[in-house]
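User: I'm new to this structure and would like a close look at one part of it. Could you take me through the sheets, and then the pockets that go with them?

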Amino acid sequence: MIIDIHGHYTTAPKALEDWRNRQIAGIKDPSQMPKVSELKISDDELRASIIDNQLKKMQERGSDLTVFSPRASFMAHHIGDFNVSSTWAAICNELCARVAQLFPDNFIGAAMLPQSPGVDPKTCIPELEKCVKDYGFVAINLNPDPSGGHWTSPPLTDRQWYPIYEKMVELQIPAMIHVSTSCNACFHTTGAHYLNADTTAFMQCVAGDLFKDFPELKFVIPHGGGAVPYHWGRFRGLAQEMKKPLLEDHVLNNIFFDTCVYHQPGIDLLNTVIPVDNVLFASEMIGAVRGIDPQTGFYYDDTKRYIEASTILTPDEKQQIYEGNARRVYPRLDAALKAKGK
C-alpha cells in the first residue's frame, strides 16, 4: 500500500470560497456575515471535485490512500477572531469528513484547528476532539504562526501549546506543522513562508526540551523539512553548542519528514541525510507546485517517481517510506486500515 500523508482539499467547489469571501466581508460589515446553513454543497459536487482531480491523479500515479485536510492557504488564521476561525474550521473539516465518507478507501481526514492570534490554543480542543472522535480523523495540522508571517506566537516548545500536546498524546495523533497564507509581503506563501516555517519549527525543537515532557508526541515537518536536511551539519553543530543530546536522541524519536520535495536530487539528499525511519511518503499533489517539469516531462509533485528512481533506498526501505512509517506515526490510521483488513 502507498499512503500519501500530505493532501489538501485544494479543489473544493467554488461555493466554499464564495462563502468564505462573504464571511471576510462580514467581519467589517456584520450585516453581510453569512450563516453556515447558507453554504450548499451536494455530494455530487464533492464527488466531481475529487474524481476528476485528486482521485484521478492517485490512480494515475499509483498511490492508494491520502491523509486529507483542508486547504492550507485557506486556513488563514490571521483573518478575524476566534469565532470566525472556529466557524471556518468546522466547515472545512466537515467537507473533508464528507469526502472521506464518500471515498472511504482513498481518503482519511486530518483536521484544521480554529487557531487565532493571541488566543489560547486550548480553545482548539473541542474541534480537535470532534474531528477525531466523530469524524475518524487521524491527525491535525498545527500552525506555529497564526499571525500569517509575523510570528507573534511563542515557540512550539512553550507551555502555551501544552494543552494541544496533551490531547494529541491522549488521542494518539500526530501533528503536521503547517503554516497558512503569508500576509507579510516579505515572505511568499509557498516559496518562502512554508519552508521558513518548516525550518523554524525544527530549530525551535532543537533549542528546547519539549520531548522530555512529551516523549510520545509526534510532529511531521512537511516539504522535506525545509532547509533541515541540507543544513543537517549546522543543526548538529548548534545542538552541540547548546549542550543538547545528539539529534538522533534529542528529536528524531518525535520528528518526521515528508517527501514533498520536487526533484530527484532533493529526494536523494533527504534520504541520504535523514534516517529512513523518519521519512514518510507524501506529494501534496494539486498543491503548491502543479506544473510539469520540462526537464523530465512529468509533474513536479509526482513524488512517487523520485522514490522509485532512488538508487539509495532498498525495496524494503521504499516500502517503509510508502506505508510502514505512516502506520507507526499515525496509530489511528493503522487501526482504521486493520479494521478493514488492510
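Analyst: Here is a walk through the two sheets, followed by the two pockets.

Keep in mind that this is a predicted model. For some context, an unreviewed UniProt entry annotates residues 3-331 as "domain: Amidohydrolase-related". That span is 44% helix and 10% strand, and its end C-alpha atoms lie 13 Å apart.

Let's start with the three-stranded sheet. It is an open one, its strands run in the order S1-S2-S3, and the pairing is parallel. S1, which covers residues 3-9, and S3 are the edge strands; each has a single partner strand, so one side of each has no neighbour in the sheet. Going from one strand to the next, the twist averages 35 degrees. As a general point, strands of a sheet pair through backbone hydrogen bonds, and they can do so in a parallel or an antiparallel way.

Now zoom in on the S2 and S3 pair. S2 is made of residues 65-70, and three bridges join it to S3, with the two running parallel. If you want a spot to click on, try Thr66: its bridge partner in S3 is Phe107. There is a helix to look at here too. H15 lies across S1, S2 and S3, and it runs at about 130 degrees to S2.

Both S3 and H15 turn up again at the second largest pocket, where S3 (107-109), H15 (331-339) and helix H5 (82-102) each supply at least two residues of the lining. About 190 Å³ of space lies in this pocket. It has 16 lining residues, and the closest to its centre are Pro104, Phe107, Ile108, Ala336 and Lys340. So there is Phe107 again, the bridge partner of Thr66. By class, the lining divides into 10 nonpolar, three polar and three charged residues.

On to the other sheet. Six strands make up this open sheet, in the order S4-S5-S6-S7-S8-S9, and here as well the pairing is parallel. At its edges you'll find S4 (111-112) and S9 (279-280), each pairing on one side only. S4 is joined to S5, residues 140-142, by two bridges in the parallel sense. Within that pair, Met112 stands opposite Asn141 in S5. A helix packs on this sheet as well: H7 (residues 162-171) touches S5, S6 (175-177) and S7 (219-221), and its direction makes about 160 degrees with that of S5.

Last stop, the largest pocket, which holds about 330 Å³ of space. Of its 16 lining residues, Leu195, His223, Cys260, Val261 and Tyr262 are the closest to the centre. Two helices, H8 (189-207) and H12 (264-273), are the elements that give two or more residues to the lining. H12 makes the largest contribution, with three residues. Sorted by class, this lining has 10 nonpolar, five polar and one charged residues.

Methods: Residues numbered from 1 in each chain as written. Predicted model: local features only at pLDDT ≥ 70, side-chain atom pairs only at ≥ 80, totals over all residues. Heavy atoms only, no water. UniProt positions renumbered as here; feature names shortened; annotations may be inferred. Helix = DSSP H or I, 4+ residues; strand = E, 2+ residues; numbered from the N terminus. 1 Å grid on protein atoms, 1.4 Å probe; cavity = no way out; pocket = protein on both sides within 12 Å on 5 of 7 lines; lining within 4 Å. Points joined across faces, edges and corners; volume = space filled by probe spheres on them. Nonpolar A, V, L, I, M, F, W, Y, C, P; charged D, E, K, R; others polar. Pairing = 2+ DSSP bridges. Axes fitted to C-alpha atoms, helices over the stretch in contact; angles between N-to-C directions. Contact = heavy atoms within 4.5 Å.
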